[in-house]
Amino acid sequence: MSTNPADPVNILFAATDRHWETYEAPLRTALDKADLSYTLATDLPPGSVDFIIYAPNGDLQDFSPFMRLRAVLNLWAGVEGITGNPTLTAPLARMVDHGLTQGMVEWVLGHVMRHHLGMDAHIVNPQHIWEAKAPPLARDRQVTILGIGELGEACAKALDTVGFQVTGWSRSPKSIPGISCLHGETQLAGALARADILVLLLPLTGQTENLLNADRLSQLPPGAVILNPGRGALIDDSALLKALDGHLAHATLDVFRTEPLPPDHPFWAHPKITVTPHIASETRPASASEVIASNIKRSIAGEPLLHLVDRSAGY
């Protein structure tokens, strides 16, 4: 294998035609800027492919013919659509880029502030009700983030800067200055109980699917709000609807089990649910292409890949 960035490498783009139209130019720009000699195409002989740029909604599912494959570079942050593939033995890197992270921070901060300030009642007020009741200050509002990886930590720090009391929960111990960090099953109930606003930023794995079931939803305080820009299947849909008909105040959801969300889905009509069309952390082609080019250059120079996926953990 080549260890010289000047030697040509073959890069297969394995995603939909629509993604190719969007990413081809930014990828070529980033690869050229990295001074790489390459062939980038959507159709290459499997035995010649060094790297695969991959989106799980494409046609490629069998990686066994790619005998010289060095790495698969996922276009998206989520990798649940590929981690269980038994034919993939090459290293897998997920997408972590500053554009995606900043987009998530802005969405989370915006919707936390929306619910914190009670803006919906002012924006939609057909009865012209004058209710001069100021919200608490951010320092008196507790926000819990389930999942404090790259995205969760960035959101936690932004919320802390505004002044919110921020708790982060993860499966393994974490330490973030200014953030109360809890971890493990035994501390999950405590993280939920203090959440005036709950933000879900966990990856989807066998352990996190339906994490917010009826029992855990009941552990949230009365009037709590849920924001889910993570993965749709983190929440039991039926249990959420029942909780919203009970003690929960609202749920703003950006991700769903089926996307686009079917027109007849009850989420659309529920008065305590806001649907946003999976826009919280859209991958930006220009910045994502730079991340991919950088990882390819690292690999062929013999350096470790960034953002490697732990296949046993699922993320």
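Student: Where is the place of Asp35?

Tutor: This is a predicted model. In it, Asp35 sits in the loop between α1 and β2 (38–41).

Student: What is phi of Asp35 near?

Tutor: Phi of Asp35 is near 60 degrees. That is a positive value in a residue other than glycine.

Student: Switching to peptide bonds. Is the one from Glu259 to Pro260 cis or trans?

Tutor: The bond from Glu259 to Pro260 is cis. Its omega is near -5 degrees.

Student: And where is Pro260 found?

Tutor: Pro260 belongs to the loop between β11 (250–253) and α8 (266–269).

Student: Back to α1. At roughly what angle do the axes of helix α1 and α9 cross?

Tutor: Helix α1 covers residues 17–33. Its axis crosses that of α9 at roughly 45 degrees, and the two axes come within 8 Å. That angle makes α1 oblique to α9.

Student: Right-handed or left-handed, when α1 passes α9?

Tutor: The crossing of α1 and α9 is right-handed.

Student: Which residues make the contact?

Tutor: From α1, the contact uses Thr22, Tyr23, Pro26, Leu27, Ala30, Leu31 and Lys33. From α9, it uses Pro285, Ala286, Ala288, Ser289, Glu290, Ile292, Ala293 and Ile296.

Student: How do the residues of that α1 contact with α9 divide?

Tutor: Eleven are nonpolar, two are polar and two are charged.

Student: Any other helix pair? How do the axes of α2 and α4 cross?

Tutor: The axes of α2 and helix α4 (residues 150–162) cross at roughly 45 degrees. They come within 9 Å. So α2 is oblique to α4. The crossing of α2 and α4 is right-handed.

Student: Which residues in α2 meet α4?

Tutor: The α2 side has Leu100, Thr101, Met104, Val105, Val108, Leu109, Val112 and Met113. They meet Leu151, Ala154, Cys155, Ala158, Leu159 and Val162 in α4.

Student: What is the split for the contact of α2 with α4?

Tutor: In the contact of α2 with α4, 13 residues are nonpolar, one is polar and no residue is charged.

Student: On to empty space. How many cavities of 30 Å³ or more does the count come to?

Tutor: The count comes to one cavity of 30 Å³ or more. About 40 Å³ of space lies in the largest cavity.

Student: Which residues line the largest cavity?

Tutor: Its lining is Leu73, Asn74, Ala93, Arg94, Met95, Val291, Ile292 and Asn295. Five of the lining residues are nonpolar, two are polar and one is charged.

Student: Which elements supply at least two residues each of the lining of the largest cavity?

Tutor: β4 (71–74) and α9 (285–300) do. The largest share, three residues, comes from α9. Ile292 lines this cavity, and Ile292 of α9 is also in the contact with α1.

Student: Now pockets. How much space lies in the second largest pocket?

Tutor: About 360 Å³ lies in the second largest pocket. There are 15 residues lining the second largest pocket. Closest to its centre are Gly118, Ala121, His122, Glu131 and Lys133.

Student: Which helices supply at least two residues each of the lining of the second largest pocket?

Tutor: α2 (98–117) and α3 (119–123) each supply at least two. So α2 has two roles here: α2 residues meet α4, and α2 supplies pocket lining.

Student: How does the lining of the second largest pocket divide?

Tutor: Eight of the residues lining the second largest pocket are nonpolar, four are polar and three are charged.

Notes:
Residues are numbered from 1 along each chain as its sequence is written. This is a predicted model: local features need pLDDT of at least 70, side-chain atom pairs count only at pLDDT 80 or more; totals for chains, interfaces and linings use all residues. Side-chain values use heavy atoms; hydrogens and water are left out. On a 1 Å grid over the protein atoms alone, a cavity is a set of points where a 1.4 Å probe fits but cannot get out, and a pocket is an open set with protein on both sides within 12 Å along at least five of seven lines; lining residues have an atom within 4 Å of a point. Grid points are joined across faces, edges and corners, and a volume is the space filled by probe spheres set on the points. Helices (H or I, at least four residues) and strands (E, at least two) are DSSP runs, numbered from the N terminus. Ala, Val, Leu, Ile, Met, Phe, Trp, Tyr, Cys and Pro count as nonpolar, Asp, Glu, Lys and Arg as charged, and the others, Gly among them, as polar. Axes are lines fitted to C-alpha atoms, for helices over the stretch in contact, and angles run from 0 to 180 degrees between N-to-C directions. Angles under 35 degrees count as roughly parallel, over 145 as roughly antiparallel, 65 to 115 as roughly perpendicular and the rest as oblique. A crossing is left-handed if the near helix is turned anticlockwise from the far one by less than a right angle, and right-handed if clockwise. Contact means heavy atoms within 4.5 Å.
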